[in-house]
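Open the model in your viewer and keep the selection tool ready. This tour goes from one selection to the next.

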Amino acid sequence: MNRKPFLMLIVLLLFVLLVSTVGAQDSTVDQEVEEVVILSQEVTPYGINTVVQVPNKKDAFIASGHSDVNFGLRSDMQIGYSLTGEQLGAMRMLLQFQVQDYIPQGAVINSATLYIHLTAVTPAGDAGMPFEAKYLNSDWSEKTVTWNSHQPDWGSSIGVGSASSQLGWH
């Protein structure tokens, strides 16, 4: 039997950016911004390397099996394909980070890492699943987005990979 994995994710907790602020003033980097955490800072000959943790601005998932239902206020995020339980069908995660609000003008983002905590896989012990992350050029509302209401304007691919079926942080 060919089973497609179903992954349930806790809302993202960490989005870590390594930012170089060349010529930026120290006071700008040290400003405390709501819910952003400065994990480390290092002064180099080229500027200040700062690693920050940025919260997501909005998150939701949409499901083809409940194409007019909004899942934006749930505490979990789901991706994959499911014909059991709630029979959600195909599921997509939508995430938005407002990083420009937290990065000083003139800074350069050297890298970004998204950390996700996997809390359940259905069926248990199933294999991971391939995925492709893409930029989303069209806006959406966390409280109203549904499979039917959202006609995505997909941007370029951020990357492809495989979502693990091992519980924990990835």
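A salt bridge here is a side-chain nitrogen of Lys or Arg within 4 Å of a carboxyl oxygen of Asp or Glu. The model is a predicted one. By this rule the count comes to 3 salt bridges.

**Stop 1: Asp139 and Lys58**

Select Asp139 and Lys58. Their side chains form a salt bridge, at 3.1 Å from N to O. Now trace the chain between them: the two residues are 81 apart, and the pair links distant parts of the chain. Asp139 sits in the loop between strand E10 (129-136) and strand E11 (154-163), while Lys58 belongs to strand E5.

Buried or exposed: what is each partner? Asp139 is exposed, with a relative accessible area of 63%. Lys58 has 12% relative accessibility. Buried means under 20%, so Lys58 counts as buried.

**Stop 2: strand E5**

Stay with Lys58 and extend the selection to E5, residues 58-63. How many residues of this strand are buried? The count is 6 of the 6, so E5 is largely enclosed by the rest of the structure.

Show the side chains next. Lys58, Ala60 and Ile62 point one way from the strand. Asp59, Phe61 and Ala63 point the other way. The residues of both sets are all buried.

**Stop 3: the partner strand**

Add strand E7, residues 89-96. Which way does E7 pair with E5? The pairing is antiparallel and runs over 6 bridges. For a landmark, pick Gln96 in E7: Lys58 stands opposite this residue.

**Stop 4: Arg74 and its partners**

Move to Arg74. Begin with Asp76: this residue forms a salt bridge with Arg74, and the closest N and O atoms are 2.9 Å apart. Then add Glu86, which also forms a salt bridge with Arg74. Here the closest N and O atoms are 3.1 Å apart.

Glu86 and Arg74 are 12 residues apart and link distant parts of the chain. Glu86 lies in the loop between strand E6 (76-82) and E7. Arg74 lies in the loop between E5 and E6.

Select Arg74, Asp76 and Glu86 together. Salt bridges with shared partners join these residues into one network.

Finally, check accessibility across the network. Asp76 counts as buried, at 9% relative accessibility. Arg74 is partly exposed at 26%. Glu86 is partly exposed too, at 41%.

Note on methods. Residues are numbered from 1 along each chain as its sequence is written. This is a predicted model: local features need pLDDT of at least 70, side-chain atom pairs count only at pLDDT 80 or more; totals for chains, interfaces and linings use all residues. Side-chain values use heavy atoms; hydrogens and water are left out. Buried means under 20% relative accessible area, exposed over 50%, partly exposed in between (1.4 Å probe, protein chains only). Helices (H or I, at least four residues) and strands (E, at least two) are DSSP runs, numbered from the N terminus. Two strands pair if DSSP finds at least two bridges between them.
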